[in-house]
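Hi,

Here is the structure I promised to pass on. Have a look at it first, and then read my notes below.

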Amino acid sequence: MDPRSAHYPRLARETLEQTPGVRDAVTQAALAFDAHRLRAYGEVDVDAWRRWAEQVKSHVLTHLDTYLEQAEARLVEHGAHVHWADDAAAARRVLDELVSRYGVSRVVKGKSMVSEELGLNDHLASQDVEAVESDLGEYIIQLLDEPPSHILGPAIHRTLDDIRRIFHEVHGTAPEATPEELCAAARSTLREVFLSADMGITGGNFVVAETGTLALIENEGNIRISTSAPRVHVAFVGIEKLLPRWSDLAVFLQLTARAATGQPVGTFVSLLHGPARDDEPDGPDEVHVVFVDNGRSRVLADPDAWEALRCLRCGACLNVCPVYRQTGGHAYGYVYSGPIGAVLAPGLLGLSETLPLPFASSLCGACAEACPVRIPIPELLLAWRRRAVDEGLTPRAERAAFRAFSAVATRPGLYRAAGRLVAATGGRMARYLPVLGSWESVRAPLDPSGGTVRRGPRHGGAAQPSDSDQTGAPGSEVEPAP
Amino acid sequence: MRVSLFVTCLGDHFFADAVHDAIHVLEGLGVQVDVPAGQTCCGQPAYNAGYMTEAVRVARHTVRVLSDAGPVVTPSGSCAAMIRTVFPRLLASDSAAGAATDLAARTWELSEYIVRHLGRERVGQGLRGRRIAYHHGCHALRELGLLHEPLTLLEGAGATVVDWPADRECCGFGGTFSVKLPPVSAGMADRKLDTLPDADLLTSADPGCLLQLDGRARHRRMGLTVRHLASVLREGMDGSA
């Protein structure tokens with residue numbers, strides 16, 4: 001996937017101006033997800049769960065080498081094959097080799113963000129292998145030829161009418177088809193795909209190092225079929241997805257579902273241990289687990305960024321984010337969007353390639369409050385901003401402006417003079433400070449109150465502007481704002 | 001009882017009337033108010049934009065000018081949060097570290113000071129019959145943990161605080177965010193304004209949020225009255241002027 005994150009400001013503006021329906025659709029869906037999360041969080045001692053989950057994930061990340069080797073050994077004992085992919089190209093090479101080894105011409109896919117990260121669909125298409133998404137949301141955006149705009153709800157930026165239109169074109173359903181009729185159309189297509197696919201590709205929510213368990217959470221049942229009907233199952237899993245113990249699943253399966261959709265647990269949870277054994281009627285003949293690094297080791301080694309790797313991909317931070325709700329995920333130009341995308345993208349892809357993203361936040365803090373593994377997202381955003389400044393990546397005029405700011409704000413005399421200037425120029429400030437043109441493009445002009453507030457002890461009576469008695473400078477009278 | 005008022009840069013330049021109202025309210029509650037000389041800005045604009053050198057410099061200045069100031073009260077949740085939660089970390093390895101921690105422990109947002117420190121829930125009865133929408137600034141809400149304090153004072157003065165589904169959502173100000181990404185920032189303000197129920201006025205303890213919401217509402221010619229909490233509390237104390 002070619003990241004377009006550098007264009008966030010333009011993409012966000014275009015989304016808001018050209019497709020205003022996206023904002024409404026995303027906001028409504030995100031608010032609904034978030035309301036479910038809040039209710040589900042309220043049903044348990046969620047802060048204790050979150051603190052515990054944070055500690056477990058941090059422990060895994062700080063002992064990742066040990067747990068990865070343990071997971072590999074257990075998986076191999078179960079008869080699975082384990083591959084290591086340093087980057088997306090390596091992951092695609094593994095896939096190429098498996099496609100050719102098993103003579104695969106059709107792949108059915110379970111919903112997987114890492115597969116989007118690796119660009120597997122486009123790659124398979126370029127190798128003349130048909131790949132069909134089997135998650136309904138993913139299936140819809142595959143028909144529309146779009147990337148997902150949300151970790152959990154890839155098509156939440158689309159309205160029912162959008163889906164009716166594309167299904168009418170592709171499946172010939174009625175223009176006014178009900179959601180049930182649309183589902184039935186997708187189902188009949190997908191059933192045939194499930195039965196004829198040579199390979200199922202999924203991601204993985206967790207890999208338990210102790211038991212070599214691959215855990216997958218879903219609500220539609222498509223992942224269960226994708227991992228059991230085709231004769232080959234390939235799971236692409238980020239190296240950070242490990243849990244130490246089988247018993248850890250008890251909390252993580254529930255916490256993930258509560259954070260993501262407000263469910264006590266996902267409708268389907270698949271706990272997979274290698275290929276079908278002789279006494280098992282279902283299941284694949286071959287199972288391959290591809291552990292994907294693709295920049296994660298670099299993030300892990302970064303003391304200001306590594307905590308982002310605790311992420312469970314629940315989407316709670318997207319749902320609660322007022323910035324994300326304006327545009328949905330596409331404007332971020334990367335598979336991971338919203339607050340977690342803004343801290344993962346610079347780590348995985350490089351800061352200069354994704355520079356605007358750490359600034360695509362008002363630092364409101366709602367994400368950190370919602371995160372089930374307590375990733376301090378605002379702190380991580382600030383760390384990326386600091387690094388952008390340190391590396392000289394921010395605009396020259398901005399750097400000069402902040403130097404001037406600190407000079408003025410440490411010299412009270414200059415500061416008061418600046419106050420007089422603000423008051424004197426009044427509504428015409430935008431002419432002198434270009435940044436205010438940006439302010440006034442979407443807001444009424446600022447309305448300075450005049451001068452600065454008088455310093456010193458108060459002895460009753462109305463406060464006076466600090467300078468009027470000394471200088472009589474224009475505009476230094478403090479007037480009540482209208 | 002004696003406090004020092006930290007005016008803040010937005011207070012100086014855009015909310016002087018609200019600053020005077022804050023002084024008036026505090027004095028009405030029997031508190032002597034000093035406005036320490038030399039004070040400027042807390043440095044948050046630089047901090048949030050990633051300019052650490054500049055932020056440290058300004059923070060150090062603020063710590064110095066407020067060093068012997070007793071309790072510090074400020075009509076800004078965001079600046080109170082900057083001083084309380086960021087200064088100690090920002091200046092941790094600085095010679096001002098001890099003074100920063102000391103300042104953090106005696107800095108209060110206005111409504112927080114009145115309710116939590118003075119233990120007063122009533123400034124007067126001047127808001128009887130008023131329907132008021134309250135915007136919870138993110139830093140007051142999440143960093144200072146203020147939720148009931150401003151509402152208690154408004155309701156204590158007789159106002160009805162209207163039920164507003166988006167009252168705890170960010171207004172889209174975010175310092176430089178507001179000028180770096182104007183369409184996104186404006187969309188966030190619109191979400192607030194579009195969900196606003198019928199009310200006589202909109203208020204908040206945060207000058208930044210008020211600039212944003214008032215600027216957007218005036219741009220849209222909504223005819224919405226937007227006032228700082230301190231000014232509304234002054235009305236609560238004195239009755240409408």
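I'll begin with one residue in chain B. Ser93(B) sits in a loop, with α5 (77-90) on one side and α6 (97-105) on the other. Please keep in mind that this is a predicted model.

Is Ser93(B) buried or exposed? Only 12 or fewer other C-beta atoms within 10 Å would make a residue exposed, and Ser93(B) has 8, so it counts as exposed. If you want a sense of distance, try Thr74(B): it is 19 residues away from Ser93(B) along the chain, and the two C-alpha atoms are 26 Å apart.

The helix just before that loop gives another picture. Of the 14 residues in α5(B), 11 are buried, so the rest of the structure largely encloses this helix. Among the buried ones are Gly77(B), Cys79(B), Met82(B), Phe87(B) and Leu90(B). Ile83(B) is buried too, and α5(B) bends there by about 30°. From first C-alpha to last, the helix reaches 18 Å, which is close to the 20 Å expected at 1.5 Å a residue.

Now for the place where the two chains meet. How many residues does each chain bring to the contact? Chain A gives 57 and chain B gives 54. On the chain A side, the elements giving two or more residues include the helices α1 (8-18), α2 (20-42), α18 (377-390) and α19 (396-409), along with the strand β11 (456-457). Sorted by class, that side of chain A has 31 nonpolar, 15 polar and 11 charged residues.

That strand is worth a look on screen. β11(A) is joined by two bridges to β2 (residues 32-35) of chain B, and the strands run antiparallel. For Pro457(A), the bridge partner in β2(B) is Asp34(B).

Finally, a few overall figures for chain A:

- Its secondary structure comes to 22 helices and 11 strands.
- Its C-alpha atoms fill a box of roughly 95 × 55 × 45 Å along the principal axes.
- Of its 482 residues, 50% are buried.
- Among its contacts with a separation of 6 or more, 73% are between residues 24 or more positions apart.

If you open the model with all this in mind, I'd go from the loop with Ser93(B) back into α5(B) with its bend at Ile83(B), and then over to the bridges between β11(A) and β2 of chain B.

Cheers

Definitions and conventions: Residues numbered from 1 in each chain as written. Chains lettered and ligands numbered in written order. Predicted model: local features only at pLDDT ≥ 70, side-chain atom pairs only at ≥ 80, totals over all residues. Helix = DSSP H or I, 4+ residues; strand = E, 2+ residues; numbered from the N terminus. Buried ≥ 20, exposed ≤ 12 C-beta atoms within 10 Å, placed from the backbone. Contact = placed C-beta atoms within 7 Å. Nonpolar A, V, L, I, M, F, W, Y, C, P; charged D, E, K, R; others polar. Pairing = 2+ DSSP bridges. Expected span 1.5 Å × (residues − 1). Bend = angle between axes of the 7 residues up to and from the residue.
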